[in-house]
Amino acid sequence: MLDETLAAIADPTRRAILGRLAEGEARVTELARPFAISLNSVSKHIRMLERARLVSRRVEGREHILTLTPAPLDEAAEWIAAQKRLWAWRLGELEKVLEEDA
Amino acid sequence: MTTTTAIKVTHRYAAAPEKVFDAWLTPDQARRFAFATPDGEMITAEIDARVGGRFNFTDRRPDMGDVAHVGEYEVIDRPRRLVFTFAVPKFDPTYTRVTLDFAAVDGGCEVTLTHEGVADEWRDSTPKGWEMILTSLEKVVG
């Protein structure tokens with residue numbers, strides 16, 4: 001899950017799509033417009049975001065409407081924060097080693 | 001696209017840069033902090049301290065058994081800079097990169113540790129760097 005989340009947000013177009021959806025839901029056709037890429041290409045990015053469960057889609061008539069579902073990002077943020085805490089702890093331990101071996 | 005920095009941690013020590021630098025490459029010292037975890041016991045600490053040389057620190061953890069931390073030294077520039085690739089294959093086979101910069105400051109040394117998400121070789125197919133990720137997280141979650 002974490003891999004899918006990180007892979008999903010490792011692309012600038014997909015981040016821009018998420019940024020747009022953070023402001024509110026949008027139609028697929030609306031999303032394609034600001035990116036100057038084909039609808040087909042946007043659809044690929046959206047499918048990847050859906051697989052990572054960052055975006056959900058509902059169909060209203062002929063419109064496909066996308067909504068941001070940001071929960072997986074919390075997991076990614078927590079993982080990154082945990083990495084940072086671990087390195088900070090290790091650098092603190094180094095200080096003890098230096099003191100003990102002085 | 002260039003890999004951008006993601007996790008950056010700094011710490012000041014009341015010791016000369018040489019001494020702090022050497023601790024990373026001295027098995028008896030490095031095993032006590034470098035790839036340790038708060039609850040683990042370091043059972044292996046092997047260091048081949050030359051460019052292209054590898055290390056293996058295996059941490060025995062109460063909850064998940066033996067966890068190897070492996071990598072290869074890329075830059076050994078005593079006492080200024082140490083760069084190595086880094087992976088914990090049990091969780092993720094991807095090699096990331098850790099850069100340590102040692103700066104002499106009044107009364108000691110300041111170490112800046114930078115852990116980049118993914119080494120250049122693997123960059124194209126995998127997440128590109130944690131700063132970008134963090135930035136996008138801020139935008140989306142923030």
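These questions and answers go through the strands, the chain contacts and the nonpolar cores of a predicted model. Residues are numbered from 1 along each chain as its sequence is written, and chains are lettered from A, with ligands numbered from 1, in the order in which they are written. In this predicted model local features need pLDDT of at least 70 and side-chain atom pairs count only at pLDDT 80 or more, while totals for chains, interfaces and linings use all residues.

Reader: What is the order of the three strands in the open sheet of chain A?
Author: Strands here are DSSP runs of E with at least two residues, helices are runs of H or I with at least four, and both are numbered from the N terminus; two strands pair if DSSP finds at least two bridges between them. β2(A) is joined by six bridges to β3 (residues 63-68) of chain A, the two running antiparallel, and within β3(A) the bridge partner of A:Val59 is A:His64. The pairing in this open sheet is antiparallel, and the order is β1-β3-β2.

Reader: Why is one side of β1 and of β2 of chain A left without a neighbour in the sheet?
Author: Strands of a sheet pair through backbone hydrogen bonds, either parallel or antiparallel. In chain A, β1 (26-27) and β2 (55-60) have one side free because they stand at the edges, each with a single partner strand.

Reader: At about what angle does helix α2 of chain A run to β3(A)?
Author: Axes are lines fitted to C-alpha atoms, for helices over the stretch in contact, and angles run from 0 to 180 degrees between N-to-C directions. Helix α2 (residues 12-22) lies across β1, β2 and β3 of chain A, and its angle to β3(A) is about 90°.

Reader: Which element supplies the largest share of the side of chain A that touches chain B?
Author: Counting two residues as in contact if their C-beta atoms, placed from the backbone, lie within 7 Å, 28 residues of chain A meet 28 residues of chain B. On the side of chain A, α1 (2-8), α2 and α5 (71-100) each supply at least two residues. The largest share, 18 residues, comes from α5(A).

Reader: How many residues lie between β5(B) and β6(B) in their hairpin?
Author: β5 (residues 81-88) of chain B pairs in the antiparallel sense with β4 (residues 65-77) over five bridges, and B:Tyr73 stands opposite B:Phe84 in β5(B). β5(B) also pairs with β6 (residues 92-105) of chain B, antiparallel and over seven bridges, where the bridge partner of B:Leu82 is B:Leu100. Between β5(B) and β6(B) the hairpin has three residues.

Reader: Which element gives the largest share of the largest nonpolar core?
Author: A nonpolar core is a set of buried Ala, Val, Leu, Ile, Met, Phe, Trp, Tyr and Cys residues joined through C-beta atoms within 7 Å, and a residue is buried if 20 or more other C-beta atoms lie within 10 Å of its own, exposed if 12 or fewer, and partly exposed in between. The largest core has 28 residues, and those with the most contacts inside it include A:Leu98, B:Trp24 and B:Ala30. Elements giving two or more residues to this core include α5 of chain A and, from chain B, α1 (17-25) and β7 (108-116). The largest share, five residues, comes from α1(B).

Reader: How many residues are in the other core, the one with A:Ile9 and A:Val55?
Author: This core lies apart from the largest one, and A:Ala10 and A:Ile80 are also among its residues, which number 20.
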